[in-house]
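Below are my notes on the model, set out as numbered points. Please read them with the coordinates open beside you.

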Protein chains: 2
Amino acid sequence: MPHSSPNNPRQTIEFWFDFASNYSYLTAMRIEELAGSQGVDVAWRPFLLGPIFQSFGWESSPFVLQKQKGEYTWKDMARQARKYGVDWVKPTAFPRRAILPARVATLGKNEPWIGDYVRATMARNFAEDKDLDTEDAVREVLASLNVNADEVIAQAQSDENKLQLRQATETAARRGIFGAPMFFVGDEMFWGNDRLEDALDFAKSQAQ
Amino acid sequence: MPHSSPNNPRQTIEFWFDFASNYSYLTAMRIEELAGSQGVDVAWRPFLLGPIFQSFGWESSPFVLQKQKGEYTWKDMARQARKYGVDWVKPTAFPRRAILPARVATLGKNEPWIGDYVRATMARNFAEDKDLDTEDAVREVLASLNVNADEVIAQAQSDENKLQLRQATETAARRGIFGAPMFFVGDEMFWGNDRLEDALDFAKSQAQ
């Protein structure tokens with residue numbers, strides 16, 4: 001991972017996300033532009049929040065399990081989306097299954113299309129309220145980006161790539177990730193879309 | 001509650017807090033000055049988070065019950081306190097009992113000393129790591145503000161005032177409060193120190 005050194009003043013922010021996570025959506029739509037304007041690179045880190053929640057004994061998202069917090073969350077999301085100027089609709093399925101999209105993101109995390117792919121998939125969930133976890137859905141997103149969908153989907157479904165995503169989720173758990181979005185700058189961890197600016201400030205402070 | 005009307009353009013933000021809540025501390029130290037600079041009045045709303053957590057089946061704070069979130073919270077608090085320029089020490093007792101301080105805040109919520117009292121009590125917990133829930137502790141705080149401590153403590157312990165605090169906590173639950181700090185501007189609810197600015201912006205937008 002690129003980190004502070006005399007020969008590499010450019011910093012990296014790791015963005016750990018799950019396509020089902022609504023607050024990850026707010027980050028996904030703005031992180032590349034915001035980080036880029038500050039000279040910070042984004043490392044895309046797809047993982048699955050489900051197994052982590054299960055390890056806490058939770059059967060679903062806290063926004064589903066805790067009624068009051070859930071009701072608040074949808075009001076907060078509407079206000080926050082307005083503040084950031086991104087489209088928003090409360091998804092009719094939540095948390096929406098997104099295993100195949102996460103596998104594709106795992107395969108493509110260093111590809112030039114990753115940012116556009118993440119944004120298009122997130123928008124499909126949280127602005128268009130469409131299913132994500134089918135080959136047709138993923139093909140539609142990839143085709144809109146002029147990516148060879150058949151090839152990418154086939155590779156994403158390989159045992160090796162499936163293992164990569166499982167390992168990313170295990171790494172997330174080992175590093176103490178308990179929600180999303182989560183950011184790392186080196187070993188410093190920041191939780192939630194509300195901390196994106198702080199994480200970028202910290203990255204810049206490490207640049208010399 | 002003063003709210004938007006042609007004859008009363010000045011707005012009010014309700015600040016619901018518990019002295020044991022660390023993120024309420026960050027708000028307590030800055031809300032009066034920040035709101036005042038924007039022409040918004042603060043309505044102090046002490047309540048007890050414990051009974052609300054118990055109603056969810058939780059025996060303590062989520063920062064205690066969930067190890068990963070707890071560990072993160074203390075790192076986040078140190079960074080946030082630095083950002084806001086307030087002193088901070090991780091309390092050796094958490095969540096710290098604060099029934100008597102909450103009763104005094106209930107009694108004094110409309111008194112001129114309430115802001116100073118809340119800040120001094122919060123700082124005692126989160127900057128000085130001292131116990132709160134004894135008559136001596138409360139007397140020390142009140143005396144430093146030139147408030148008649150014996151009189152206030154006696155009234156705070158009256159059945160009528162105890163009932164007031166219980167009713168405030170019931171009102172909090174009824175309005176959907178699930179954590180602290182919580183803000184209301186009219187019926188619009190905002191959760192967390194991170195939403196103070198948004199809540200104040202909303203209050204100002206209602207001023208005409």
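**Notes on the predicted dimer model**

1. I begin with the hairpin of β3(A) and β4(A), which has 2 residues between the strands and in which G186(A) takes a positive phi near 60°. Helices and strands here are DSSP runs, helices being H or I with at least four residues and strands E with at least two, numbered from the N terminus. The two strands of the hairpin pair in the antiparallel sense over 4 bridges, where pairing requires that DSSP finds at least two bridges between the strands. Within this pairing, F183(A) stands opposite F190(A) in β4(A).

2. On conventions and confidence: this is a predicted model, in which local features need pLDDT of at least 70 and side-chain atom pairs count only at pLDDT 80 or more, whereas totals for chains, interfaces and linings use all residues. Residues are numbered from 1 along each chain as its sequence is written, while chains are lettered from A and ligands numbered from 1 in the order in which they are written. Chain A averages a pLDDT of 95, with 96% of the residues scoring at least 70, pLDDT being the predictor's confidence in each residue, from 0 to 100. For the complex, the predictor gives an ipTM of 0.91 and a pTM of 0.93.

3. The hairpin belongs to an open sheet of chain A, in which 4 strands follow the order β2-β1-β3-β4 with mixed pairing. Its edge strands are β2 (40-46) and β4 (188-191) of chain A, each of which pairs on one side only, and the twist averages 25° from one strand to the next. Strand β1 (residues 11-17) of chain A runs parallel to β2(A), to which 7 bridges join it; Q11(A), for example, has V40(A) in β2(A) as its bridge partner.

4. In chain B, too, there is an open sheet of 4 strands, with the order β2-β1-β3-β4 and mixed pairing. Here β2 (40-46) and β4 of chain B stand at the edges with a single partner strand each, so one side of each is left without a neighbour in the sheet. Neighbouring strands of this sheet are turned by 25° against each other on average, direction ignored. Strand β1 (residues 11-17) of chain B pairs with β3(B) in the antiparallel sense over 3 bridges, and E14(B) stands opposite F184(B) in β3(B).

5. Several backbone details deserve a check by eye. Most residues other than glycine have a negative phi, and most peptide bonds are trans. A cis peptide bond, with omega about 0°, joins A180(A) and P181(A), and P181(A) lies in the loop between α10 (159-174) and β3 (182-185) of chain A. In chain B, the peptide bond from A180(B) to P181(B) is cis, with omega near 0°, and P181(B) is placed in the loop between α10 (159-174) and β3 (182-185) of chain B. N146(A), although not a glycine, has a positive phi of about 60°; this residue lies in the loop between α8 (135-144) and α9 (149-156) of chain A.

6. As for helix packing, the axes of α6 (residues 99-108) and α9 (residues 149-156) of chain B come within 9 Å and cross at roughly 100°. That makes α6(B) roughly perpendicular to α9(B), a label that covers angles of 65 to 115 degrees, with those under 35 counted as roughly parallel, those over 145 as roughly antiparallel and the rest as oblique. The axes are lines fitted to C-alpha atoms, for helices over the stretch in contact, and angles run from 0 to 180 degrees between N-to-C directions. In this packing, L100(B), R103(B), V104(B), L107(B) and G108(B) of α6(B) meet V152(B), I153(B), Q155(B) and A156(B) of α9(B).

7. How are the two chains related? A rotation of 180° with 0.0 Å of shift along its axis superposes chain B on chain A, with an RMSD of 0.0 Å. That is the relation of a two-fold axis, the fit being by least squares on the C-alpha atoms of residues with pLDDT of at least 70 in both copies. Of the residues of chain B, D194(B) comes closest to the rotation axis, at 3.6 Å (C-alpha).

8. At the interface, 13 residues of chain B are in contact with 13 residues of chain A, contact meaning that the C-beta atoms, placed from the backbone, lie within 7 Å. On the side of chain B that touches chain A, α5(B) gives the most, with 5 residues. The copies meet through the same surface, because 100% of the interface residues of chain B are also interface residues in chain A.

Technical notes:
Two residues are in contact if their C-beta atoms, placed from the backbone, lie within 7 Å.
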